[in-house]
Amino acid sequence: EAKRRGRHTFRAFDKTLNDHLGMRNQIESQLRLALDHGELWLAFQPKVSLRERRIVGAEALLRWRSPQFGEVSPTDFIPHAENSGEIVRIGAWVVKEACRQLREWRDQGLELDHIAVNVSFRQLLSGTFSDSVQAALQVHDLPGNALELEMTERILIDEAPDTLDTFTALKRMGVRLTIDDFGEGYSSFNYLRHLPIDSVKISHTFMQGIPVQPADTAICEAIVRIAESLGLTVVAEGVETEEQLAFLERIGTDDAQGFFFSRPIEAARLPVFMQEWNRSGRG
Ligand code: C2E
Ligand code: MG
Ligand code: MG
Ligand code: MG
């Protein structure tokens, strides 16, 4: 029985693998067209200051509406864009589009301190990244601190001298640098000592066990304390419940994001969301 099942499993795996390879080529070639065909757009998720009870910013999250594949999640297509190198062009567009959107909101009188954009390793190493950021800020007449760049720990572990130069250039412009999914990856704290980081974002994976799992609560408290003593802002992502929020406030988390406040929404809905937030007295 086991042998029969084993053989069956192997065949199924083999077929799936081939499907995946075919799929991979298709996704990569479709992705190359996506930008020029206007299939990419940005959703925005509000970020709330827990101290000020105010919406301080929003994170831009990339969306792909593909005529062939439908709505594709960034966790599914970004690895392909990284693999093909297309992420460099797409990533530059994300920064530009996020800056354009923030300019539009500010012109409407919306008070948002900054817009956050996710950046991948490949993009950072492209050599053109900091120039493209500077150009985007300039075109839309925004100061550097209106832009926050989020990157995962992986970027900092595979540290190349080039990345440090890029970080330094970005810092000189006043751009805010954030470690995303903090604690989820290799978690060498070493880079916190010598990289010009402004904030850390506690990985949503620790949120699930809040407030009942001792390991999760201990990790969150430790991250908040490290951030505090290093003078970093600490953000919690993936906040879904009132209990999680109460815990995060109690331990001194600065900012939070999550479905409890809002899912990522279309740009056009953000002003309405902020109006309602202020009216309901949450602000
Ligand atoms: P991330 O930067 O850590 O973004 C947070 C993800 O968690 C988003 O998924 C968001 O929709 C989701 N999320 C937010 N609040 C909650 C919550 O309360 N509960 C749960 N369960 N999930 C929540 P999304 O939009 O699918 O993005 C996934 C990842 O794709 C992002 O993780 C980021 O690493 C990457 N990504 C998104 N946009 C870009 C981009 O423009 N460039 C790059 N390089 N990566 C991007
Ligand atoms: Mg992020
Ligand atoms: Mg995350
Ligand atoms: Mg994250």
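In this predicted model, a backbone N or O atom of phenylalanine 259 sits 2.7 Å from an oxygen atom of ligand 1. With the protein in place, 81% of the 810 Å² that ligand 1 exposes when taken alone gets buried. Two neighbouring aspartates add side-chain contacts of their own. For aspartate 180, an N or O atom of the side chain is 2.8 Å from an oxygen atom of ligand 1, while for aspartate 181 a polar side-chain atom is found 3.2 Å from an oxygen atom of that ligand.

Zooming out a little, ligand 1 takes up the space of the largest pocket. Its shell counts 23 residues, with Arg63, Asn118, Asp180, Glu240 and Phe259 the closest. By character, the shell splits into nine nonpolar, seven polar and seven charged residues. As for where they come from, β2 (54–66), α2 (74–84) and β6 (176–182) each put in at least two residues, and β2 has the largest share with four.

Next come the magnesium ions, beginning with ligand 2. Its protein donors are Glu59 (OE), Asn118 (OD1), Glu150 (OE) and Asp180 (OD), at 2.0 to 2.2 Å from the ion. Written along the sequence, the donor residues of ligand 2 follow the spacing E-x58-N-x31-E-x29-D. Distant parts of the chain are linked here: asparagine 118 belongs to strand β4 (residues 114–118) and aspartate 180 to strand β6, with the two 62 residues apart. Asn118 and Asp180 also turn up among the closest residues to ligand 1.

Ligand 3, also a magnesium ion, is coordinated by Asp181 (OD) and Glu237 (OE) at 2.0 to 2.5 Å. This pair, too, ties together distant parts of the chain, since aspartate 181 is in strand β6 and glutamate 237 is in the loop between β8 (233–236) and α10 (242–251), 56 residues apart. Between the magnesium ions ligand 2 and ligand 3, the separation is 5.1 Å.

For the magnesium ion ligand 4, the coordination is by Asp180 (OD), Asp181 (OD) and Glu237, the last listed with two OE entries, at 2.0 to 2.6 Å. The spacing of these donors along the chain reads D-D-x55-E. Ligand 4 is 4.0 Å from the magnesium ion ligand 2, and aspartate 180 coordinates both. Aspartate 181, for its part, serves as a donor to ligand 3 as well as to ligand 4, and glutamate 237 likewise coordinates ligand 3 and ligand 4. Both aspartates therefore do double duty, with polar contacts to ligand 1 from aspartate 180 and aspartate 181 within the 3.5 Å cut-off.

Two bits of backbone geometry are worth a look as well. Most residues other than glycine have a negative phi, and most peptide bonds are trans. Isoleucine 210 and proline 211 are joined by a cis peptide bond, with omega at about 5 degrees. Proline 211 is in the loop between β7 (199–202) and α9 (214–230). Aspartate 141, although not a glycine, shows a positive phi of about 50 degrees, and its place is in the loop between α5 (129–139) and β5 (147–152).

How values were computed
Residues are numbered from 1 along each chain as its sequence is written. Chains are lettered from A and ligands numbered from 1 in the order in which they are written. This is a predicted model: local features need pLDDT of at least 70, side-chain atom pairs count only at pLDDT 80 or more; totals for chains, interfaces and linings use all residues. Side-chain values use heavy atoms; hydrogens and water are left out. A residue is near a molecule or strand if one of its heavy atoms lies within 4 Å of it. A polar contact is a pair of N or O atoms within 3.5 Å; within protein, one must be able to donate a hydrogen and the other to accept it, and residues adjacent in sequence count only if both atoms are side-chain atoms. Accessible areas come from the Shrake-Rupley method with a 1.4 Å probe; for residues, only the protein chains shown count as cover. On a 1 Å grid over the protein atoms alone, a cavity is a set of points where a 1.4 Å probe fits but cannot get out, and a pocket is an open set with protein on both sides within 12 Å along at least five of seven lines; lining residues have an atom within 4 Å of a point. A molecule sits in a cavity or pocket if more than half of its atoms lie within 2 Å of its grid points. Ala, Val, Leu, Ile, Met, Phe, Trp, Tyr, Cys and Pro count as nonpolar, Asp, Glu, Lys and Arg as charged, and the others, Gly among them, as polar. Donors are N, O and S atoms within 2.8 Å of the metal (3.2 Å for Na, K and Ca); water is not among the atoms, so sites may look incomplete.
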